[in-house]
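Please open the model in your viewer and keep the sequence panel beside it, as this tour moves from one selection to the next.

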Amino acid sequence: MTRDEISELLPFFVNGTLDEAERKAVADAVGEDSDLRAEVEALRALRTTMQDDPVRSPGEFGLARLMRDIDREPRAAQPSRRSGAVLWQAVAAIALALLLGQTLWTLNRTNPRLELAGEEDAVLTVAFRPGATEEQIRNLLTAAGAEIVAGPSALGFYAVVAVDGGDLAVLAAVLTADRSVVESVDHGDE
């Protein structure tokens with residue numbers, strides 16, 4: 001037998017559960033190897049400690065109580081406390097909706113450019129000349145009373161609106177007039 005096989009058999013050797021041939025082989029190896037002897041002594045000490053530790057069981061009374069609880073009929077359903085939780089969730093949802101509505105109403109009054117999702121504002125779709133600088137575009141838009149609200153799109157178009165609700169037709173005419181900066185202006189409402 002190899003040393004590893006003997007080492008695996010040491011717990012069985014200490015407990016006395018090996019057959020005669022295995023017991024003799026392990027005893028001979030333990031007699032020759034001091035490391036195996038030390039391991040056998042440690043296993044014997046562990047076995048003694050575990051045997052000295054008393055087993056604590058609930059006893060007859062504990063067993064009777066357990067059996068009584070198992071045989072007991074299931075308890076009647078307790079009234080659910082979920083109904084109160086559902087009520088509070090509904091109240092919280094309503095309060096949140098009111099707060100959101102009030103916030104949007106207030107913001108829309110203080111900033112007329114703020115819109116609810118889905119609302120369309122009258123915009124111009126503008127394409128600037130490829131050589132136009134940012135400064136030229138900014139100066140033209142400032143002079144015309146316009147601002148960019150979106151863009152550039154994948155095709156290079158910008159959404160432009162009149163500041164302070166100005167007339168889009170007039171804005172379109174002003175932007176179209178400066179061909180050095182603006183390539184095209186499209187008024188989607190026309």
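Which kind of contact do the side chains of aspartate 28 and lysine 24 make where they meet? Select both residues and you will find a salt bridge, with 3.3 Å from N to O; the term stands for a side-chain nitrogen of Lys or Arg within 4 Å of a carboxyl oxygen of Asp or Glu. Both residues lie in helix α2, four residues apart, about one turn of the helix. Helices here are DSSP runs of H or I with at least four residues, strands are runs of E with at least two, and both are numbered from the N terminus. Aspartate 28 counts as partly exposed because its relative accessibility is 39%, and lysine 24 is also partly exposed, at 49%; buried means under 20% relative accessible area, exposed over 50%, and partly exposed in between, with a 1.4 Å probe and protein chains only.

**Before going further**

This is a predicted model, in which local features need pLDDT of at least 70 and side-chain atom pairs count only at pLDDT 80 or more, while totals for chains, interfaces and linings use all residues. Residues are numbered from 1 along each chain as its sequence is written, and side-chain values use heavy atoms, with hydrogens and water left out.

Colour the chain by pLDDT, the predictor's confidence in each residue on a scale from 0 to 100. The mean for the protein chain is 82, and 83% of its residues reach 70 or more. Confidence is highest in helix α2 (residues 20–32), at a mean of 93, and lowest in α4, at 79. Where pLDDT is low, the predicted coordinates should not be read in detail.

**The whole chain**

Switch to a cartoon view and follow the chain from the N terminus, where the elements run α-α-α-α-α-β-α-β-β-α-β, giving seven helices and four strands. Of the 190 residues in the protein chain, 17% are buried. With contact taken as heavy atoms within 4.5 Å, residues 24 or more positions apart account for 58% of the contacts that have a separation of 6 or more. A surface view shows about 14500 Å² exposed by the protein chain, of which carbon and sulfur atoms supply 57%; the areas come from the Shrake-Rupley method with a 1.4 Å probe, and for residues only the protein chains shown count as cover.

**More salt bridges**

A search of the whole structure finds seven salt bridges. Select arginine 3 and aspartate 33 for one of them, in which the closest N and O atoms are 2.9 Å apart. Arginine 3 lies in helix α1 (residues 3–15) and aspartate 33 in the loop between α2 and α3 (34–52), so the pair ties together parts that are 30 residues apart in sequence. Arginine 3 is partly exposed, with a relative accessibility of 42%.

Next select glutamate 134 and arginine 138, whose side chains meet in a salt bridge of 2.9 Å, N to O. Both belong to helix α6 (residues 134–144) and are four residues apart, about one turn of the helix. Glutamate 134 counts as exposed at 54% relative accessibility, whereas arginine 138, at 42%, counts as partly exposed.

**A nonpolar patch**

Now show the surface of Leu63, Leu66, Met67 and Ile70, which form a nonpolar patch with about 380 Å² of accessible area together. Patches are made of residues with over 30% relative accessible area and no salt bridge, like charges being joined within 9 Å and nonpolar side chains (Val, Leu, Ile, Met, Phe, Trp, Tyr) within 5 Å. Methionine 67 sits in helix α4 (residues 59–71) and is partly exposed, at 41% relative accessibility.

**Aromatic rings and strands**

How many aromatic pairs does a search of the whole structure find? The search finds one, and to see it you should select phenylalanine 128 and tyrosine 158, which are edge-to-face, 5.3 Å centre to centre, with 65 degrees between the planes. Rings of Phe, Tyr and Trp (its six-membered ring) pair if their centres lie within 6.5 Å, and planes under 30 degrees apart count as stacked, over 60 as edge-to-face and the rest as tilted. Because phenylalanine 128 lies in strand β1 (residues 124–128) and tyrosine 158 in strand β3 (residues 157–162), the pair ties together parts that are 30 residues apart in sequence. Phenylalanine 128 is buried, at 10% relative accessibility, whereas tyrosine 158 is partly exposed, at 24%.

Finally, select valine 149 in strand β2 (residues 146–150) together with valine 160: their C-alpha atoms are separated by 5.8 Å, with the two positions 11 residues apart along the chain. From there, move to the peptide bond from glycine 151 to proline 152, which is cis, with omega near 0 degrees; proline 152 lies in the loop between β2 and β3.
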